[in-house]
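Open the model in your viewer and keep the sequence beside it. The stops below say what to select next and what is there.

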Amino acid sequence: QLGGVGTYRFGPSFDLGLRAKAGLFANWAKQRTHFINDLDDGPSDDDIVKKRKSRTTAAGVAEAGLFAIWSFTPNIALTAAYQILYTAGLALAPEQLATSNAFDSFSQLDTSGSVFYHGPSVGLKISW
C-alpha cells in the first residue's frame, strides 16, 4: 500500500488538503456449493452434488479524498471531506449465481467484481 497527503494552510485556522492511497492485495476466494435434487420419495447419495472452487487473484484498492479543517481553538476543529473508494478483483455474491439452470452449472467462481463508494463526511475533532 502506498499513499500520501498534501495540505495547504490558508491561515492560522483553515487547512485544505488532498489524500490518496492505493494498494495491491491477494484475494483468496473460496466457494462451496451443495446441490440437493431430491425428486423421488427416498433420499440417496446421487441426490446430492457437492462442488468446491478456490482461486487466488490480485485485488486492487484505490482511495482518494479532499478535506478541509477549520480550527476554532488549538484543541477543537471542524472537519469536512469528500472521499472515494474503488476496489477491483473481488468475488461478489451476486456474480456467483449460475447463468443457466443446467444441472452442473451451479458451481462457478467469478473474481472480476468491483465496487465504487463515494460520499461526504463531517466531524468534530477534539484533542488534548
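Is tryptophan 70 buried, partly exposed or exposed? Tryptophan 70 is partly exposed, because its relative accessible area is 44%, and buried means under 20% relative accessible area, exposed over 50% and partly exposed in between (1.4 Å probe, protein chains only).

Some notes on the model come before the other stops. This is a predicted model, in which local features need pLDDT of at least 70 and side-chain atom pairs count only at pLDDT 80 or more, while totals for chains, interfaces and linings use all residues. Residues are numbered from 1 along each chain as its sequence is written, and side-chain values use heavy atoms, with hydrogens and water left out.

**Whole chain.** Colour the chain by secondary structure. There are zero helices and five strands, and the elements run β-β-β-β-β from the N terminus on. Helices (H or I, at least four residues) and strands (E, at least two) are DSSP runs, numbered from the N terminus. Of the 128 residues in the protein chain, 22% are buried.

**The sheet.** Show the strands alone. They form an open sheet of five strands in the order E1-E2-E3-E4-E5, with antiparallel pairing. Two strands pair if DSSP finds at least two bridges between them. At the edges stand strand E1 (2–9) and E5, each with a single partner strand, so one side of each has no neighbour in the sheet. On average, neighbouring strands of this sheet are turned by 20° against each other, direction ignored; the axes are lines fitted to C-alpha atoms, for helices over the stretch in contact, and angles run from 0 to 180 degrees between N-to-C directions.

Next, select strand E2 (residues 14–36) together with E3. These two pair in the antiparallel sense over 23 bridges. One bridge to find joins alanine 20 to alanine 64 in E3.

**Alanine 59.** Stay in strand E3 (residues 48–71), where alanine 59 is found. Alanine 59 is buried, with a relative accessible area of 6%. Leaving aside neighbours within four places in sequence, its contacts (heavy atoms within 4.5 Å) include Gly23, Phe25 and Ala88. Now add threonine 87: its C-alpha atom is 7.1 Å from that of alanine 59, although the two residues are 28 residues apart along the chain.

**Threonine 111.** Move to the loop between strand E4 (76–90) and strand E5 (113–126), where threonine 111 is found. Which side of the cut-off does threonine 111 fall on, buried or exposed? Threonine 111 counts as buried because its relative accessibility is 12%. Not counting residues up to four places away in sequence, threonine 111 touches Ala29, Arg55, Thr57, Gly89, Leu90 and Ala91.

**Aromatic rings.** Show the side chains of Phe, Tyr and Trp. The whole structure has three aromatic pairs. Rings of Phe, Tyr and Trp (its six-membered ring) pair if their centres lie within 6.5 Å; planes under 30 degrees apart count as stacked, over 60 as edge-to-face and the rest as tilted. Tyrosine 8 and phenylalanine 10 make an edge-to-face pair, 4.8 Å centre to centre with 75° between the planes. Both tyrosine 8 and phenylalanine 10 are exposed. Tryptophan 70 and phenylalanine 72 make a tilted pair, 4.7 Å centre to centre with 55° between the planes. Phenylalanine 72 is partly exposed, with a relative accessible area of 43%. Add Phe14 to see a cluster in which ring pairs link Tyr8, Phe10 and Phe14.

**Last stop.** Select arginine 19 and phenylalanine 67. The charged end of arginine 19 sits over the ring of phenylalanine 67, 4.2 Å from the ring centre. A charge sits over a ring if NZ of Lys or CZ of Arg is within 6 Å of the ring centre and within 35 degrees of the ring normal.
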